[in-house]
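Open the model in your viewer and keep the selection tool ready. The tour goes from a single residue out to the whole chain.

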Amino acid sequence: MSTEESSRRGLILINTGPGKGKTTAAMGTALRAVGNGMRVLMLQFLKGSWHYGELDSTQAFGQNFVLKQMGRGFVKVGGAETDPEDIRMVQAAWVEAREAIMSGEWDMVVLDEINYAIGYGMLDPAEVVETLRNRPEMVHVILTGRNAHPSLVEIADTVTEMREVKHAYQKGILAQRGIEF
């Protein structure tokens with residue numbers, strides 16, 4: 001076995017930071033994986049009330065690229081404002097994510113917006129770290145969302161921080177179909 005082959009393994013990638021494009025970058029990597037014959041599961045932890053364009057586009061790939069919205073959309077957080085139903089949905093999404101990662105059925109699992117769920121105190125980062133450390137060797141995992149937890153950054157192979165230089169909304173331009181959703 002060559003050195004290149006022996007160093008092949010599943011990677012942990014994090015797309016974080018305040019700028020736009022974290023989910024979009026994860027989708028691009030997922031499409032690359034599907035194009036290389038890999039099976040991809042993308043679980044969106046908090047999204048659920050809007051219809052995003054990516055839902056329709058992934059259907060063309062059948063069971064090779066499955067995208068599931070696991071939340072209700074906008075989430076209020078902080079003290080008494082955090083709805084127990086949102087916490088329950090995050091916990092259920094994590095159970096499904098952990099099972100998917102450990103099953104070995106998927107070559108790549110994208111945990112979209114999981115960093116928000118952790119940052120909002122809805123999910124224990126130690127559980128996520130433990131699963132990522134014990135996953136099957138060739139499973140790639142991408143985690144997205146602002147403010148990635150330091151323990152996840154520490155174990156990740158690649159961390160990309162998106163930085164906003166300027167954004168159309170600063171000029172009063174609303175979110176555009178095909179760009180933001």
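Start by selecting glutamate 113. This is a predicted model. Is glutamate 113 buried or exposed? Its relative accessible area is 15%, and the cut-off for buried is under 20%, so glutamate 113 counts as buried.

Now show the backbone around this residue. Glutamate 113 sits in a loop, with strand E4 (108-112) on one side and H5 on the other.

Next, show what glutamate 113 touches. Leave out residues up to four places away in sequence, and the partners are Phe45, Leu46, Lys47 and Thr144. Keep Thr144 selected for the next stop.

Move on to asparagine 115. Which helix holds this residue? Asparagine 115 belongs to helix H5, which covers residues 114-119. Asparagine 115 is buried because its relative accessibility is 1%.

Bring up the contacts of asparagine 115, again without neighbours within four places in sequence. Among them are Ile14, Asn15 and Thr16. Select Leu143, Thr144, Gly145 and Arg146 too, since these are also on the list. Ala148 and Leu152 complete the set. Thr144 thus appears at both stops: it touches glutamate 113 and is in contact with asparagine 115.

Zoom out and colour by secondary structure. The protein chain has seven helices and six strands. Trace them from the N terminus: the order is α-β-α-β-α-β-α-β-α-α-β-α-β.

Finish with the whole chain. Of its 181 residues, 43% are buried. Turn on the surface: the accessible area is about 10100 Å², and carbon and sulfur atoms hold 51% of that. Among contacts with a separation of 6 or more, 79% join residues 24 or more positions apart.

Definitions and conventions. Residues are numbered from 1 along each chain as its sequence is written. This is a predicted model: local features need pLDDT of at least 70, side-chain atom pairs count only at pLDDT 80 or more; totals for chains, interfaces and linings use all residues. Side-chain values use heavy atoms; hydrogens and water are left out. Helices (H or I, at least four residues) and strands (E, at least two) are DSSP runs, numbered from the N terminus. Buried means under 20% relative accessible area, exposed over 50%, partly exposed in between (1.4 Å probe, protein chains only). Contact means heavy atoms within 4.5 Å. Accessible areas come from the Shrake-Rupley method with a 1.4 Å probe; for residues, only the protein chains shown count as cover.
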